[in-house]
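Biologist: I have just opened this one and have never looked at it before. Could you walk me through it?

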Amino acid sequence: MMTIKGIDVSHWQGVINWDKVAKDGVKFVFIKATEGTSYSKLSYFKDNAPKALAAGLKVGAYHYAKFATVAEAKAEAAYFLGSIRSIGLNYPAVLDLEENKKCANREILTDAAIAFLEAIEDVGQTAMLYTGRAFLENHLDESRLKKYALWIARYNSTLGRSADIWQHSDTGKVNGISTKVDLNLAYRDFTDTVNPISPPENPNTSKPTSTTTYTVKEGDTLSVIAKKYNTTVKSLVSINGIKNPDKIKIGLKLKVNGSVSSTNSNKMYHTVKSGDIVSSLVKKYESSTSQIKTWNSLKDINKIYVGQKLRVK
């Protein structure tokens, strides 16, 4: 199984020499950005994230949650996303949910977690949940969270369950960091799944045309990409020197002149019922199998379960 070495840090790690960290074999880092709806140490993230990126690391951000309701979760998500959007992150944006001091029941706390994670997805970023194994199994409804990337903390010789990232130690030593640091192993490379976080759109102002880079994903066509960025297939073909517009490869990086279409926010979700299969959802919502598979990170399109919330448009 592929494993990628990473760490996560906060202001407790103090001054970090990121070049030394990178030379010690660390490939990614998650840096604490925010907590609740205010955080006095935000400057630590804004100072260190660019330095870690410059050293060649993959960089994600995490938010320490205090919420207990959907409304509180949405407020915290807005604060988090507003705080990190000026940094060109290239790894997931993470909800760190490890306390339930307000004693919310499992359903409500899961509703709140989903609201936060959906807010991350709505800006085009890969959403990830970080939590402890016991907290996930005792305080959250894991069956409703399966579509999201999962980062589990368990300080043991084995993880003992499935996860995308395992935080296996909080007493690690890494060159360039003078304190103990959390150590992680990723079983999945998120490099090609992450898009830069964009500022929220203001419907009352016109959107300037800008040039950006888009990485082609499974299910993409030039017409789909053109619609997303309020541009044309002809423009994409011209600025990228594409010979055959009907053949674009997954992973191809395209230059795009345009801005993200506001119609992209009109996502549609379907809660799986008994008897549902992906092919029936494709027909019902005029979507495609590859799009539903990609949107929901489905490993096997023949395995969906009752109660699962799937994006279908």
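Modeller: We can go from the whole chain to its core, then to a run of strands, and then to some single residues.

Biologist: Before that, what kind of model is this?

Modeller: This is a predicted model, and everything I describe below is computed from it.

Biologist: Fine. How many helices and strands are there in the chain?

Modeller: The chain holds nine helices and 12 strands, and its C-alpha trace spans about 55 × 45 × 45 Å along the principal axes.

Biologist: What radius of gyration would a compact globule with 313 residues have, and what does the chain have?

Modeller: A compact globule with 313 residues would have a radius of gyration near 20 Å, and because the chain has 20 Å, the two agree.

Biologist: And what share of the residues count as buried?

Modeller: Of the 313 residues, 46% count as buried. The accessible surface of the chain comes to about 15,900 Å², and 51% of that surface belongs to carbon and sulfur atoms. If you take the contacts between residues at least 6 apart in sequence, 65% of them join residues at least 24 apart.

Biologist: Let's go inside, then. Which residues of the largest nonpolar core touch the most other members?

Modeller: That core has 58 residues, and those that touch the most other members are Ile7, Val9, Trp18, Phe45 and Leu97. Helix H4 supplies the largest share of this core, with eight residues.

Biologist: What does Trp18 touch, leaving out residues up to four places away in sequence?

Modeller: With those left out, Trp18 touches Ile7, Val9, Val29, Ile31, Asn48, Lys51, Ala52, Ala55 and Leu57. Apart from the largest core lies another core of 14 residues, among them Phe28, Val94, Met128 and Ile165.

Biologist: Met128 brings me to strand E5. How many of the residues of E5 are buried?

Modeller: Strand E5 covers residues 127–132, and six of its six residues are buried.

Biologist: Which way do the residues of E5 point?

Modeller: Ala127, Leu129 and Thr131 point one way from E5, while Met128, Tyr130 and Gly132 point the other way, and all are buried. In a regular strand the side chains alternate between the two faces of the sheet.

Biologist: Which sense do E4 and E5 pair in, parallel or antiparallel?

Modeller: Strand E4, residues 93–96, pairs with E5 in the parallel sense over four bridges, and the bridge partner of Val94 in E5 is Met128. Those two residues are also among the members of the core of 14 residues.

Biologist: What about E5 and E6, how many bridges are there?

Modeller: E5 and strand E6, residues 149–153, pair over five bridges, in the parallel sense. Within that pairing, Tyr130 stands opposite Trp151 in E6.

Biologist: Which helices go with these strands in the β-α-β units?

Modeller: E4, H4 and E5 make a right-handed β-α-β unit, and E5, helix H5 (residues 133–139) and E6 make a right-handed β-α-β unit as well.

Biologist: Back to H4 for a moment. Is Ile120 buried or exposed?

Modeller: Ile120 is found in helix H4, residues 106–122, and it counts as buried because its relative accessible area is 0%. Not counting residues up to four places away in sequence, Ile120 touches Phe80, Leu81, Ala93, Gln125, Thr126 and Ala127. Ile120 and Leu95 are 25 residues apart in sequence, and their C-alpha atoms are 9.2 Å apart in space.

Biologist: New topic: why does Glu35 count as buried?

Modeller: Glu35 has 19% relative accessibility, so it counts as buried, given that the cut-off is under 20%. Glu35 sits in strand E2, residues 28–35, and, leaving aside its neighbours within four places in sequence, Glu35 is in contact with His63, Tyr64, Lys66 and Tyr79.

Biologist: And Glu72, where is that?

Modeller: Glu72 is in helix H3, residues 70–84, and with a relative accessible area of 29% it is partly exposed. Not counting residues up to four places away in sequence, Glu72 touches Phe67 and Lys102.

Biologist: Last one: is Ser86 buried or exposed?

Modeller: Ser86 lies in the loop between H3 and E4, and at 58% relative accessibility Ser86 counts as exposed. The C-alpha atoms of Ser86 and Ala112 are 25 Å apart in space, with their positions 26 residues apart in sequence.

Technical notes. Residues are numbered from 1 along each chain as its sequence is written. This is a predicted model: local features need pLDDT of at least 70, side-chain atom pairs count only at pLDDT 80 or more; totals for chains, interfaces and linings use all residues. Side-chain values use heavy atoms; hydrogens and water are left out. Helices (H or I, at least four residues) and strands (E, at least two) are DSSP runs, numbered from the N terminus. Buried means under 20% relative accessible area, exposed over 50%, partly exposed in between (1.4 Å probe, protein chains only). Contact means heavy atoms within 4.5 Å. A nonpolar core is a set of buried Ala, Val, Leu, Ile, Met, Phe, Trp, Tyr and Cys residues joined through side-chain atoms within 4.5 Å. Two strands pair if DSSP finds at least two bridges between them. A crossover is right-handed if, with the strands pointing away from the viewer, the path from the first strand over the helix to the second runs clockwise. The radius of gyration is taken over C-alpha atoms; the globule rule is 2.2 Å times the number of residues to the power 0.38. Accessible areas come from the Shrake-Rupley method with a 1.4 Å probe; for residues, only the protein chains shown count as cover.
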